[in-house]
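Trainee: I am new to this structure. Could you pick a single part and take me through it closely, step by step?

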Amino acid sequence: MLDPKKLLDDLLGSKVPGTESTVREKADQATQLAKDNPLAAGALVAVLLGTGPGRKVAKSALKLGGLAAVAGLAYKAYQSYQNGGKPAPAGVHEPELLPAPEDTSFHPSQAPQGESEFALALVRTMIAAAKADGHVDDEERRKIADKIAGSHIGPDAESFLLGELARPLDIDSLVAAAHTDAQKIELYTAARMTIEPHTRAERGFLDMLAGRLKLPDALVDHIEATVSAAKVPGGVEESAASA
């Protein structure tokens, strides 16, 4: 049976409960193919499992677990927006991320539809963001399928991911999955955590999502800055850890 919360942990590279490993690490160990033949920029697994170049969410955020990390970043961005401050300038990295307070609508336990159902909505949003650049053709899907199989996430998760990858974009269903204003912010936060909008298509997807979620431009700016501050250039943390 598919476990949406665990899948969200896996896709973000969070610690899998009860273990000291991550799916991202397993993928790196299991498939040299990704290093020898990198997937196209924006391909699902290259983005979500960290096998491609670019910036990754810092481990200090992900040790909370995927659902809590998204909620914590969304809450931090919202608080900054509410306080009327300016978004953090580019290149500034924030200290360790704290979880959203339990008495706020951002805390996972406050999800009206339940944590697992909302985790599934976040995963679907992340997948939609990951394929937003339109480069996932039949050949890329084959490579991605091989990569997913090598990550050992299980047949249910594998089947779900491949099904979502093939599904046409339905932004209405993504937006409808947010039952509260806090969840709207979290959906956009999850999408922005997934991709760096280097292409016009990726930027267009994020802009369209923000518009359909009816997020104020100033709030979107704070989300962008908060997520960017929680990311590090690929390889920085690994190098620091081995120093």
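Mentor: What follows is a short view of the whole, then a close look at one helix and its rings, with two other places to set beside it.

The model is predicted, so local features need pLDDT of at least 70 and side-chain atom pairs pLDDT 80 or more, while totals for chains, interfaces and linings use all residues. Residues are numbered from 1 along each chain as its sequence is written, and side-chain values use heavy atoms, leaving out hydrogens and water.

Start with the whole. The protein has 14 helices and two strands (DSSP runs, H or I of at least four residues and E of at least two, numbered from the N terminus). Of its 243 residues, 48% are buried (under 20% relative accessible area; exposed is over 50%, partly exposed in between; 1.4 Å probe, protein chains only). About 11400 Å² of the protein is exposed (Shrake-Rupley method, 1.4 Å probe, only the protein chains shown counting as cover for residues). Carbon and sulfur atoms supply 52% of that area. Among contacts between residues at least 6 apart in sequence, 80% join residues at least 24 apart (contact: heavy atoms within 4.5 Å).

Now the part itself, helix α6. Find residues 66-82. The helix has 17 residues, and its first and last C-alpha atoms are 24 Å apart, close to the expected 24 Å (1.5 Å times one less than the number of residues). Its buried residues include Gly66, Val70, Leu73, Tyr75 and Ala77. Just after α6, Gly84 has a positive phi of about 80°.

Next, the rings. Phe, Tyr and Trp rings (for Trp, the six-membered one) pair if their centres lie within 6.5 Å; planes under 30 degrees apart are stacked, over 60 edge-to-face, the rest tilted. The count by this rule is three aromatic pairs. Tyr75 and Phe106 make an edge-to-face pair, 5.6 Å centre to centre with 70° between the planes. Tyr75 sits in α6, whereas Phe106 lies in the loop between α6 and α7; the two are 31 residues apart, so this pair links distant parts of the chain. Both partners are buried. Tyr78 also pairs with Phe106, in a tilted arrangement: 5.5 Å between centres, 40° between planes. This pair, too, links α6 to the loop, across 28 residues. Phe106 is buried at 4% relative accessibility. Tyr78 is partly exposed at 25%. Together, ring pairs join Tyr75, Tyr78, Tyr81 and Phe106 into a cluster.

Look along the chain to α7, residues 115-130, which holds Thr125. Thr125 counts as buried because its relative accessibility is 0%. Leaving aside residues up to four places away in sequence, Thr125 touches Leu174, Leu187, Ala191, Phe205 and Leu209. Phe205 leads into the largest nonpolar core, which has 57 residues; there, Tyr188 and Phe205 touch the most other members (a core joins buried Ala, Val, Leu, Ile, Met, Phe, Trp, Tyr and Cys through side-chain atoms within 4.5 Å). Helix α7 gives this core its largest share, ten residues.

Last, helix α9. Its twelve residues, 155-166, should span 16 Å, and the end C-alpha atoms are 17 Å apart, which agrees. Ala157, Phe160, Leu161, Glu164 and Leu165 are buried in α9. Seen down the axis, these fall within an arc of 130°, so they line one face of the helix (the arc uses directions from the axis to the C-beta atoms). Pro155, Ser159 and Ala166 are exposed on the face turned away from that buried side.
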